Amino acid sequence: MTNLHTTIARVTDRIIEKSRGGRRRYLDLIASQRDVGINRSQLSCSNLAHGFAAALDDQATIRAGARVNIGIVTAFNDMLSAHQPYGQYPPQLKLFAREVGATAQVAGGVPAMCDGVTQGQVGMELSLFSRDTIAMATAVSLSHAMFESVALLGICDKIVPGLLIGALRFGHLPMLFVPGGPMPTGLPNKEKQRIRQLAAEGKVGRGELLEAESASYHSPGTCTFYGTANSNQMMMEVMGLHIPGAAFVNPGTGLRTALNRAAMHRLAGIALHQPDERPLGNCVDERAVVNAMVGLLATGGSTNHAIHLPAIARAAGISIDWQDFDDLSAVVPLIAHVYPGGAADVNQFHAAGGMAFTIRTLLDAGLLHGDITTAGGNSLADYARDPVLEDGQLAWQDVPASRDESILRAADTPFRADGGMRLVQGNLGRAIFKTSAVHEERWTIEAPARVFIDQESVQAAFKAGELDRDVVVVVRGQGPQANGMPELHKLTPALGVLQDRGHRIALVTDGRMSGASGKVPAAIHVCPEAMAGGPLARVRDGDVIRLCARLGQLDVLVDAAEFAARPAAVIAGSSDGTGRELFAFFRTGSDDAEAGASAMLKAAGL
């Protein structure tokens, strides 16, 4: 086995050391839950009868208590394209469980919000906190203590992190994620973005824009750009929480069905009290979390995971921060060019070698922990092979080389020597800069600020011609305590137009952008946020801001004493309507983005 890279080892050791107390408490918790916590054998006769009353053909087996019962937690709805295939999963998964003498029941459902539908709308203010709602719904689903292992059905942005956070609090149970796969390739993502920019300039109308959007998002399955949803799938592979190679197989195919069957067979084999028992909480350790960060950096994945991964880690008693990301990014090469970091979509990435080759080359370079306990395979090396059907049977084959080096390269011949995400910090706070999506000549921007309180104000200024110059657009009052930290992709077309006109443009915000953030330099997730008294609240129009990914700099270039003496702008925060008032306690109790932006975890002392 290749020796682990010294920086990967050093960062892992640092995380282990700073997590020592929290991780010990977590492992003690799940051990006690396994040994003395409630389980099916301890349920009263009335409890148990309620639990199998609707199980029909499986009633007798569940009643006898001698076979594995697999819980299914599903995020199905048929408005969300990625989750539409899940409507057919429970009946199939139950049949697959019976093939190996097990049973399965739907333990519960969790909400699945589509950020694509709510993008730029007030509903987006519920998006980030839907993650913690999903975590709590997962806990409710598993609280019935009817199950010896669990299939987690979730794919998209907040759903996988929420399911995993909730599931980790039941970490004594073995679990696997069962994905659905991406929709087939439609209108190329770069062409879609071109038409969006034309629409922002008023050069095409709503009809042409809608035609382009519907040609891009056109059928069941995950959106094909490399945003948060597909970054989720990548992370589940490098953490060993899928059946190997399950991430990017299209819905409705024979291979997808075979992988789903393998997941249920596997869950029966690794279940509680089975000889190969693999509790989720033992699989998700410090090494697995580092693998997730490395995979994210190597592939240019979503910056949303600079928020979600710290929250996931906390649920397992592990502490990480943006310095860990930054240190890893300095040595992890960028080996994938997938939109918005390149022209290819995830189907083309998969065809080029996908996760199998990605994991193979990262293992060979000593950049992944190959010794993690994997739920879906015997070791992480199993994930360096590609699933195929041979005479109708599921098999795996080696992927010794990239099939398209314009999309995917070996770790020793990367697109760039360092990873796709940087920590920038200075007198405006700490933020994330996604370098993999931005041309290197734009990694440093120094320009006067124009301050806004929302996306609509930026769009109005753009249409009025007020931004047709070098400018750093500051959008504040968009953090978790202010309004739930909505994504700000409504800004991307307008800022892209200004950049294409030759202007030096950057965005600085305490709001959120994701893997779809596009080509404009951006310091995002600024901490502390303006609502919490962060320095962004004291920035004024005309202040010169310097943003430099190369030096990790985020500074306003004004006299320090004068800047400190300025009164902070009043941040209005969220309004009522669209259910936002029901999430008030999430906002008021939230910690900052670097910690995971979670009132739930903060209140729990995690």
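Is Lys158 buried or exposed? In this predicted model, Lys158 is buried, with a relative accessible area of 2%. The side chain of Lys158 takes part in a salt bridge with Asp115, in which the closest N and O atoms lie 2.4 Å apart. Asp115 belongs to helix 6 (residues 115-118) and Lys158 to the loop between strand 3 (149-153) and helix 8, so the salt bridge ties together parts that are 43 residues apart in sequence. Asp115 also counts as buried, because its relative accessibility of 6% falls under the 20% cut-off.

Further salt bridges were examined in the same way. Across the whole structure, a search finds 42 salt bridges. One of them joins the side chains of Asp386 and Arg403, at 3.7 Å from N to O. Asp386 is placed in strand 5 (residues 385-390), while Arg403 is placed in the loop between strand 6 (393-398) and strand 7 (422-426); the pair therefore ties together parts that are 17 residues apart in sequence. Asp386 counts as buried at 8% relative accessibility, whereas Arg403 is partly exposed, with a relative accessible area of 43%.

A salt bridge is also formed by Glu562 and Arg540, whose closest N and O atoms are 3.9 Å apart. This pair links distant parts of the chain, with Glu562 in helix 22 (residues 560-565) and Arg540 in the loop between strand 12 (522-527) and strand 13 (544-548), 22 residues apart. Glu562 is partly exposed, at a relative accessible area of 34%, and Arg540 is likewise partly exposed, at 41%. In addition to these pairs, a network of salt bridges links Arg10, Arg14 and Lys18 with Asp321, Asp324 and Asp327.

The packing of helix 8 was considered next. Two packed helices are described by the angle between their axes and the distance between the axes. The axes of helix 8 (residues 159-168) and helix 15 (residues 305-315) come within 8 Å and cross at roughly 15°. Helix 8 is therefore roughly parallel to helix 15, since angles under 35 degrees are classed in this way. The crossing of helix 8 and helix 15 is left-handed. Helix 8 contributes Pro161, Leu164, Ile165 and Leu168 to the contact, and helix 15 contributes His305, His308, Ala311, Ile312 and Ala315. By class, the contact of helix 8 with helix 15 comprises seven nonpolar and two polar residues, with no charged residues.

Helix 8 also packs against helix 11 (residues 228-238), the two axes coming within 9 Å and crossing at roughly 40°. Helix 8 and helix 11 are therefore oblique to each other. Val160, Pro161 and Leu164 of helix 8 make this contact with Asn232, Gln233 and Met236 of helix 11. The residues of the contact of helix 8 with helix 11 divide into four nonpolar and two polar, with no charged residues. Pro161 and Leu164 of helix 8 thus appear in the contact with helix 15 and in the contact with helix 11.

Individual buried positions were also characterised. Asp132 is located in helix 7 (residues 127-142) and is buried, with a relative accessible area of 0%. When residues up to four places away in sequence are not counted, Asp132 touches Phe586, Ser598, Ala599 and Met600.

Ala104 is found in strand 2 (residues 103-109) and counts as buried at 2% relative accessibility. Leaving aside neighbours within four places in sequence, Ala104 is in contact with Asp58, Asn69, Ile70, Ile72, Leu93, Lys94, Ala97 and Met264. Ala104 and Ala336 are separated by 232 residues in sequence and by 38 Å in space, C-alpha to C-alpha.

Ala522 has its place in strand 12 and is buried, with a relative accessible area of 13%. Ala522 touches Ile432, Phe433, Lys434, Leu507 and Leu547, residues up to four places away in sequence not being counted. The C-alpha atoms of Ala522 and Thr435 are separated by 9.0 Å, although these residues are 87 residues apart along the chain.

Technical notes. Residues are numbered from 1 along each chain as its sequence is written. This is a predicted model: local features need pLDDT of at least 70, side-chain atom pairs count only at pLDDT 80 or more; totals for chains, interfaces and linings use all residues. Side-chain values use heavy atoms; hydrogens and water are left out. Axes are lines fitted to C-alpha atoms, for helices over the stretch in contact, and angles run from 0 to 180 degrees between N-to-C directions. Helices (H or I, at least four residues) and strands (E, at least two) are DSSP runs, numbered from the N terminus. Angles under 35 degrees count as roughly parallel, over 145 as roughly antiparallel, 65 to 115 as roughly perpendicular and the rest as oblique. A crossing is left-handed if the near helix is turned anticlockwise from the far one by less than a right angle, and right-handed if clockwise. Contact means heavy atoms within 4.5 Å. Ala, Val, Leu, Ile, Met, Phe, Trp, Tyr, Cys and Pro count as nonpolar, Asp, Glu, Lys and Arg as charged, and the others, Gly among them, as polar. A salt bridge is a side-chain nitrogen of Lys or Arg within 4 Å of a carboxyl oxygen of Asp or Glu. Buried means under 20% relative accessible area, exposed over 50%, partly exposed in between (1.4 Å probe, protein chains only).
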